[in-house]
There are 2 protein chains.
Amino acid sequence: MKLKGYIGKVLHIDLTHSKGRVEDLKEDWADQFIGGSGLGTKYLYEMTDERTNPLGPENLLIFMTGPFTGTSVPLSGRHAVVSRSPLTGIFGESDVGGTWGANLKKAGFDGIIVTGKSEKPTYLWVHDGAWEIRDASHLWGKDTYEIDPILKSETHEKAAASAIGQAGENQVLISSIMTDGRDGRAAGRCGMGAVMGSKNLKAIVACGTGNVSVFDTESVKQLPKEYSQRIIQNGGNFKNYGTAGALSTFEAMGTLPLQNWKFVGRWEESAEKINGFTMAETILKGRFFCDACLLGCGRRIKLEKGPYAGVDGAGPEYETLALLGSNCLIDDLEALCFANELCNRFGLDTISTGGVIAFAMEAFEKGLIDRKDTGGIDLRWGSVEALIEMIKMIAWKKGLGELLGKGIKKASEGIGKNSSEFAMHIKGLEMPAHDPRGYNAGGVGFATSSRGACHLAGLSHTFERVLKAPEIGIPEPLDRFQVEGKGILAAKTQNLMGMMDSLKLCKFILFAGVTISDIVKWYKYVTGKEMAFDDFAKTGERIFNLKRLYNVRLGISRKDDFLPPRFLTFKRVGKGLTPNLPPFGQMLSEYYEYRGWSEDGIPIPEKLKELGLLK
Amino acid sequence: MKLKGYIGKVLHIDLTHSKGRVEDLKEDWADQFIGGSGLGTKYLYEMTDERTNPLGPENLLIFMTGPFTGTSVPLSGRHAVVSRSPLTGIFGESDVGGTWGANLKKAGFDGIIVTGKSEKPTYLWVHDGAWEIRDASHLWGKDTYEIDPILKSETHEKAAASAIGQAGENQVLISSIMTDGRDGRAAGRCGMGAVMGSKNLKAIVACGTGNVSVFDTESVKQLPKEYSQRIIQNGGNFKNYGTAGALSTFEAMGTLPLQNWKFVGRWEESAEKINGFTMAETILKGRFFCDACLLGCGRRIKLEKGPYAGVDGAGPEYETLALLGSNCLIDDLEALCFANELCNRFGLDTISTGGVIAFAMEAFEKGLIDRKDTGGIDLRWGSVEALIEMIKMIAWKKGLGELLGKGIKKASEGIGKNSSEFAMHIKGLEMPAHDPRGYNAGGVGFATSSRGACHLAGLSHTFERVLKAPEIGIPEPLDRFQVEGKGILAAKTQNLMGMMDSLKLCKFILFAGVTISDIVKWYKYVTGKEMAFDDFAKTGERIFNLKRLYNVRLGISRKDDFLPPRFLTFKRVGKGLTPNLPPFGQMLSEYYEYRGWSEDGIPIPEKLKELGLLK
């Protein structure tokens, strides 16, 4: 491997035959698709096709780091999980923090590509250039908190595990892959846990003592010191209050989901009960950090008394509090901590889980399902009991939980009776907690994200509030309710985030005063390669287009780039709110035009040639 | 009855008990709801509830004339059919011309309300204040063209019949009630034929020699002479080329449906092959007139040679040519005449039939259904054979036809596989042939029409092109692509059309130089009542709100006031076309605000009190 910042090795594991082999990282692919999300997509695109069954042994489960992972580049402790999603049937990926990615790289691999299916439950142990497929029968049926110390005791005390809970074992389609045990970070979205479960793979444990060779070792080493003050000063909210620090701000902006997105007034006092400030003042015991992080937005909490005593570990993120909480009209913080821990232990995506339970609550309210369907549970808004029971039923595929565990789209098909009207998903993926009625570019971004309703693929909505990126043509945040230019903004930010997800940088770094200029400089330090701002954006564009091509192969086109009708027709009103309904089609057209895609949302050959995706 | 213009009698027929009774027309209801559509709605609203099964004996099938029907008011030869629709499950009505309404009134009744279910096929014979329930066993299984002369021979040579064909007998949900035999006028929409079929009622034959007493006999008598020149001069296109006269204009405007609304280019040459000019130059043999009509837009055609020789009677309307034709990419005029006659004979709504066949063609193209489903038919775009076979299969409920005959909404639920993406209906009623991408107010109008996708409830789109009504606040047509004011325009035109449908006036009179001032004058001549322009609009508003209340009782709200996503996201492009995607939510909000409805689309008590709908 000539490029610095990479190990140059990818581990291919075939569980059907209990075999593995180490291959050189494809250097030209790394050059074009960088790492993480982009490079993982390239492997998936080339090594699978439209006949690949997401839960079949032929599907690939790809864990991929980026050139920054495992170095001392600030906030680089991340990796990507890429696969065909069993939840949505299309491109699936999940970006996750923690210490696992850095451990993998230090153990001698840029990524692991798992195929096949093991006969018996297994786990994979990767360390210092070696790997082992081990029996996991004793771990099967246990949750992710339980197995973490066992795995450490069987491997190395400093090892990190990516593991599934019972939900993944049961191939629940909204299940996640969790890392780092109680300091849980989730590769939550797209049902990656079910893919892992379908392979009978309980965990991948990694530990490494190696070193990631970079181009300018001294400069990279100095980065934490050089940037720590700037990052901590600018990112203080993340440090002090975690991702939930902005919950009340979002409530006041009218972008917090309420009651399956149908409650359109204010929820001010309830929001205060569950926001990051309240958490910091009450139950917060400490923080935890991903590898190379300077902020430590991870909340470590412990409940020592009350009905949920015993909760001990990662506290709920903003998305979790919003989807399990406000979206179900629940404002009991301790209960939400318990529900969050349940999801983490079972390995359930809290966004999809909260979304589908709120969907079920609305179906219950409307009489489309009743107590016979719920097994006697009074599935009413605001019911903590109902929330907790449904989480268990989903994880165990019991009763109504079996249907809900398939996600909102399939649940609404199962329930029928016009329930699609309030099925809040895009391309089969449940909505994250940012109301597109409050963010015009956000709406276009969610609708066009490759994996479905995703706030991270573009983070477009944050460029309507606080972020800017003048180096790639975003000199200032645009007004949230402005229409013109929002299609373009969504595309530009998706290109940018494609790079962040491939280099492997935490996006919060952009809120912490770090600029694209800094990142390009870091890229030079790590890889030795100069990258002009145009190339930076173009590379992100290439990555985004490759994901689109993967989806086009599966039939995705303009018809799928849509928002749930509720966002297009129901206004949010309430004191201080601007009642906005996005003129969606206009912005989508601007988006396609800027992307150089056809009217039908298909990348045209000229564009693909320009990006080097078509010879 | 004190009011002039009415007979003052309503015939109630209970088919279960073969009984009838004549009741006085409720004078206060006539005062508030005028007649036709409005008065029919009032009877339906008061005499049924949300438990009424549309195809159960308890449903009412209401035939209602207006104060103008049967008088010499120009273009007044119309009546309304009102019922709970078995196609959509909500408010159903169908407005129809011909001579039947005038005959009914001259036979001594303002309307007929049918309930119950006859044991055996029957028909009803109404004449000169008397009525008879007769056996129709010998007519069952025959089409509407066949039975018309038989019915005349059994009753009176000048009698007119409202009858169902085999589709109505088979309770096909998109079946119509046809009047006047070969000079066929259709009460096409909402499956009124199925309601009639469910009651085992084959026909209602009416003949009258009575007189409709009006307030100012002399003035009313003079109206045809007074207005004929103005109407014929201004309405010359309707006279010469029928409703299809504008087909090529609509093609050029980008509002003609093409290929289930997904073909977005131009279709110029094909449109020329099937438009009203071509019809007039080739196969037109004459015109036919509704009662009191001065224009005669009805096309009488006869095909004497070629594969469709034998076609003889009503030629296809614009809606028929567009839905059976361009929407299926068929440009063979003679074949469309044959298909039209088949629909008329069977008693099938050509709009819904064309819509659901185009839907099936797209499902076939996409591989969601195949030849096994179609019974071997190659259901490809542009196939005349496929069109004709599918019409037969729908009428006879054979194979795939059984599912398609339930309309697009149920067909798409039956086919599944995301076919709802191209299910072009609103509230279960198939789209008429006016693209809301080309008419912003039209889109809001369609989405909020009480019976579902309806171009007639507001005719809003024509006020974006040629019509105006300064007396009720529409001084000029508004630009089609303007956004502001379009919600208000849609509401105002719906109020206006509520009056037209209740007085019973053909809407084409507005294209023929007649103004609201004229109509208010005529109302005075007929009834003796002064009506200020404000009262005119307010009465229309009352009627529209009553229909909304009927639907609200059935669960209709903002969630149902929507356009098929294709209209919101897919642009029509092509030479000379303006690629517009309506910012729907904004216009809908303006509409509700103007209507004085809640954010959820429910009329608020204050509004209902103002309209006299709530004491």
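**Exercise 1. The surroundings of Asp24(A)**

Find which residues Asp24(A) touches, leaving out those up to four places away in sequence, and describe where Asp24(A) sits in this predicted model.

*Solution.*
- Step 1: Look for the neighbours. Asp24(A) touches Gly8(A), Lys9(A) and Tyr43(A), once residues up to four places away in sequence are set aside.
- Step 2: Take a closer look at one of them. The side chains of Asp24(A) and Lys9(A) are joined by a polar contact of 2.7 Å.
- Step 3: Place the residue in the fold. Asp24(A) belongs to strand β2 of chain A, which covers residues 19–24.
- Step 4: Check the surface. The relative accessible area of Asp24(A) is 52%, and exposed means over 50%, so Asp24(A) is exposed.
- Step 5: Try a distance. From Asp24(A) to Asn495(A) you count 471 residues in sequence, and the two C-alpha atoms are 27 Å apart in space.

**Exercise 2. A neighbour in a helix**

Tyr43(A), touched by Asp24(A), is among the buried residues of α2(A). Work out how long this helix is and how many of its residues are buried.

*Solution.*
- Step 1: Helix α2 of chain A runs over residues 36–47, which makes 12 residues.
- Step 2: From first C-alpha to last, α2 of chain A reaches 16 Å, close to the 16 Å expected at 1.5 Å a residue.
- Step 3: Of the 12 residues, 10 are buried, and α2(A) is mostly covered.
- Step 4: Name some of them. The buried residues of α2(A) include Gly36(A), Lys42(A) and Tyr45(A).

**Exercise 3. A helix and its two ends**

Decide whether α13(A) is largely enclosed or not, and describe what lies at its ends.

*Solution.*
- Step 1: Helix α13 of chain A takes in residues 333–346, 14 in number. The span between its first and last C-alpha is 20 Å, close to the 20 Å expected at 1.5 Å a residue.
- Step 2: Because 12 of the 14 residues are buried, α13(A) is largely enclosed by the rest of the structure.
- Step 3: Among those buried residues are the charged-type names Glu341(A) and Arg345(A), as well as Leu333(A) and Phe346(A).
- Step 4: At the N-terminal end, Asp332(A) caps α13(A), with a side-chain oxygen 3.2 Å from the backbone nitrogen of Glu334(A).
- Step 5: Just after α13(A) comes Gly347(A), with a positive phi of about 75°.

**Exercise 4. Two side chains that reach backbone oxygens**

For Thr71(A) and Lys202(A), find which backbone oxygen each side chain reaches, and settle whether each residue is buried or exposed.

*Solution.*
- Step 1: Thr71(A) sits in the loop between β3 (61–64) and β4 (79–84) of chain A.
- Step 2: A polar atom of the Thr71(A) side chain lies 2.7 Å from the backbone oxygen of Phe68(A).
- Step 3: Buried means under 20% relative accessible area, so Thr71(A) counts as buried at 7%.
- Step 4: Setting aside residues up to four places away in sequence, Thr71(A) touches several residues, including Val212(A), Val220(A) and Asp291(A).
- Step 5: Turn to Lys202(A), which is part of strand β12 (residues 201–207) of chain A. Its side chain reaches the backbone oxygen of Lys142(A) at 2.7 Å.
- Step 6: Lys202(A) has a relative accessible area of 0% and is therefore buried.
- Step 7: Add a distance. Lys202(A) and Gly165(A) are 37 residues apart along the chain, with 7.8 Å between their C-alpha atoms.

**Exercise 5. Positive phi in chain B**

What phi do Asp180(B) and Ala292(B) have, and where do these residues lie?

*Solution.*
- Step 1: Recall the background. Most residues other than glycine have a negative phi.
- Step 2: Asp180(B) is not a glycine, yet its phi is positive, about 65°. Its place is the loop between β10 (177–179) and β11 (185–187) of chain B.
- Step 3: With a relative accessible area of 14%, Asp180(B) is buried.
- Step 4: Ala292(B), not a glycine either, has a positive phi of about 65°. Ala292(B) lies in the loop between β13 (284–288) and β14 (298–302) of chain B.
- Step 5: Ala292(B) is partly exposed, at 23% relative accessibility.

**Exercise 6. Chain A as a whole**

How many helices and strands does chain A have, and what share of its residues is buried?

*Solution.*
- Step 1: Count the elements: chain A has 25 helices and 17 strands.
- Step 2: Of its 615 residues, 65% are buried.
- Step 3: Among contacts between residues at least 6 apart in sequence, 70% join residues at least 24 apart.

Key: Residues numbered from 1 in each chain as written. Chains lettered and ligands numbered in written order. Predicted model: local features only at pLDDT ≥ 70, side-chain atom pairs only at ≥ 80, totals over all residues. Heavy atoms only, no water. Helix = DSSP H or I, 4+ residues; strand = E, 2+ residues; numbered from the N terminus. Buried < 20%, exposed > 50% of the residue type's maximum accessible area, 1.4 Å probe, protein only. Contact = heavy atoms within 4.5 Å. Expected span 1.5 Å × (residues − 1). Polar contact = N/O pair within 3.5 Å; in protein donor to acceptor, adjacent residues only side chain to side chain.
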